[in-house]
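Visitor: I am new to this structure and would love a close look at a single part of it. Could you walk me through one place, and then show me what lies around it?

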Amino acid sequence: MQQDNQMQVAIKPSAIRGTLTAPASKSAMQRACAAALLREGTTVIYNYGTSNDDKAALQIIQDLGAVVTYQDDNRLTVQSEGAAHLQCPTRRLHCQESGLSIRMFTPIAAMTTGEISISGSGSLAKRPMDFFDAILPQLGVSVSSNQGYLPLKVKGPLQPADLIIDGSSSSQYLTGLLFAYSAAGASAVSIQVHHLSSKPYIDLTLSVMAAFGMHLPEQRNYETFYFPERLTNNMPRQSSSERSLSFTVEADWSGGAFLLVAGAIAGSVTVKGLDPFSTQADKKILEALQDAGCRLSIQAEQVEVSRAPLRAFHFNAVDCPDLFPPLVVLAACCAGTSVIEGLHRLVHKESNRAETLKQEFAKLGVAISFQEDMMLVTGGPIKGAVVQSHHDHRIAMACAVAALVADGPVTITGASAVEKSYPGFYEDLRALCVADVQQ
């Protein structure tokens, strides 16, 4: 779906109250798509995601040979002949604007024998992909890029081998390699990772791989991922009943974080579906909410949060950089100056997210400054204004939540950016509004 950069949404100041169910996690959904493609048989995916990134992943697995059928609003099926039969008749994959898709599916696509062109759109075209130029040739894959940017051309088949990579820019590259190594029959080889970022996302990757019965590596302190020897001659054949698998996509802590912050600053909200034992990195929003002093009740499958006098907090977001936007909103409503660590993780997002947050929240009257690898946010009154999303879904959602406690309406230009991760966000937010705030 093409997004309209000129679409505007106006959010009026309002108290909120109510109960919502968090959307499906696109992080889990996209990984489930990859796993369903790589296993032979039928996979039933419940609570499937409908964001643009989810749609991109579903289209990619179809382009690689899977058949996707929508059964109803809650489930779809993926039929695949498995990793040994991957094919891409069009020789082209388009990842839309999904950073996870480009990094995860490129090694998977490299398992095929023909040359495949892999492209993206929007901000993805500006994100460096030189990682593949350096790594894939070590695995027997010929690769070319546009001077380290998209489009990529890869020609396999990928051959798992001992590898050393830098994981500081994104854990998503490792996710793609783990899927490809497992599906390509990695045996007695290891991936060594230096400076791995966003470790919880690798926990999520391994969790999905385990749910799909994939060959798992032995993980040692997030530094070495060793695939033990595979005795293929002794592996049992699948029976027909084993070829069918069900997987339920868990609710999204990334999108849920915005709803929880809305409750913390503007009233009260119960967000259903959130698993407090999830491996998702953005579950750490609970720590920030607790440190800021809001009223918080954490239960199985739901979280309740309500407004209270808020105090400044100090939070390390190195492993969960997607929390920066909702954390900025929370900090803007706290007394004092809050500190959020991990600034370097924001450069190659849908926008240069650090600069975008500083620029757009300045329009709302919120002072943001940078000090080494830290963002400092000083709380104070929030003003109504016209802001831009910079085609960044999390910037649009952050500005919308901040609008709830502004002194006037906040108009968001490029508001359709939320389609990337949370298509129903504005409808959900408006469903919580109970009354305009009297200024």
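Visitor: Let us start with Glu 372: is Glu 372 buried or exposed?

Guide: Happy to help, and please keep in mind that this is a predicted model. Glu 372 is exposed, because its relative accessible area is 76%, and a residue counts as exposed when that value is over 50%. To find Glu 372, look in the loop that links strand E20 (367-371) with strand E21 (374-378). Its backbone deserves a look too: Glu 372 is not a glycine, yet its phi is positive, at about 55°. As background, most residues other than glycine have a negative phi, and most peptide bonds are trans.

From there, turn to Ser 338, which sits in strand E19 (residues 337-341). Ser 338 has 0% relative accessibility and therefore counts as buried. Leaving aside residues up to four places away in sequence, Ser 338 touches Ala 312, Phe 313, Ala 331, Met 375, Leu 376 and Val 377. With Phe 313 there is also a polar link: a polar atom of the Ser 338 side chain lies 3.1 Å from the backbone nitrogen of Phe 313.

Positive phi values turn up elsewhere. Gln 96 is not a glycine either, and its phi is positive at about 55°. Gln 96 belongs to the loop between strand E6 (92-94) and helix H3, and with 31% relative accessibility it counts as partly exposed. In Glu 97, the side chain makes a polar contact of 2.7 Å with the side chain of His 391. His 391 lies in the loop between strand E22 (385-388) and helix H11 (393-403). His 391 is partly exposed, with a relative accessible area of 22%. For a sense of scale, the C-alpha atoms of His 391 and Ala 188 are 44 Å apart in space, while the two residues are 203 apart in sequence.

Now follow helix H3 (residues 99-109) to its partner, helix H5 (residues 172-183): the two axes come within 7 Å and cross at roughly 30°. H3 and H5 are therefore roughly parallel to each other, since angles under 35 degrees count that way. Their crossing is right-handed. On the H3 side, the residues that meet H5 are Gly 99, Leu 100, Arg 103, Met 104, Pro 107 and Ile 108. On the H5 side they are Gln 172, Tyr 173, Thr 175, Gly 176, Leu 177, Phe 179 and Ala 180.

H5 leads us on to a sheet. Four strands make up this open sheet, in the order E10-E11-E13-E12, with mixed pairing. Strand E10 (163-166) and strand E12 (218-220) are at the edges with a single partner strand each, so one side of each has no neighbour in the sheet. On average, and ignoring direction, neighbouring strands here are turned by 15° against each other. H5 packs on this sheet and touches E10, E11 and E13, its direction making about 175° with that of E11. Within the sheet, strand E11 (residues 189-194) and strand E13 (residues 224-227) run antiparallel and are joined by 4 bridges. Val 189 has Phe 227 of E13 opposite.

Next come three strands worth tracing together. Strand E7 (residues 115-119) runs antiparallel to strand E9 (residues 149-155), with 4 bridges between them; Ser 117 has Lys 153 in E9 as its bridge partner. E9 is also joined by 4 bridges to strand E8 (residues 142-146), again antiparallel, and Asn 146 stands opposite Tyr 149. E8 and E9 form a hairpin with 2 residues between them, and Gln 147 in the turn has a positive phi of about 55°. Pro 151, in strand E9, follows a cis peptide bond from Leu 150, with omega about 5°. Another cis peptide bond runs from Gly 156 to Pro 157, with omega near 15°; Pro 157 is in the loop between E9 and E10.

One more sheet rounds off the tour. It is open, with 4 strands in the order E4-E5-E3-E14 and mixed pairing. Its edge strands are strand E4 (67-70) and strand E14 (244-248), each pairing on one side only. The twist from one strand to the next averages 20°. Strand E3 (residues 40-46) pairs with E14 in the parallel sense over 5 bridges, and Thr 42 stands opposite Ser 244 in E14.

Key:
Residues numbered from 1 in each chain as written. Predicted model: local features only at pLDDT ≥ 70, side-chain atom pairs only at ≥ 80, totals over all residues. Heavy atoms only, no water. Pairing = 2+ DSSP bridges. Axes fitted to C-alpha atoms, helices over the stretch in contact; angles between N-to-C directions. Buried < 20%, exposed > 50% of the residue type's maximum accessible area, 1.4 Å probe, protein only. Polar contact = N/O pair within 3.5 Å; in protein donor to acceptor, adjacent residues only side chain to side chain. Contact = heavy atoms within 4.5 Å. Parallel < 35°, antiparallel > 145°, perpendicular 65-115°, else oblique. Left-handed = near helix turned anticlockwise from the far one by under 90°.
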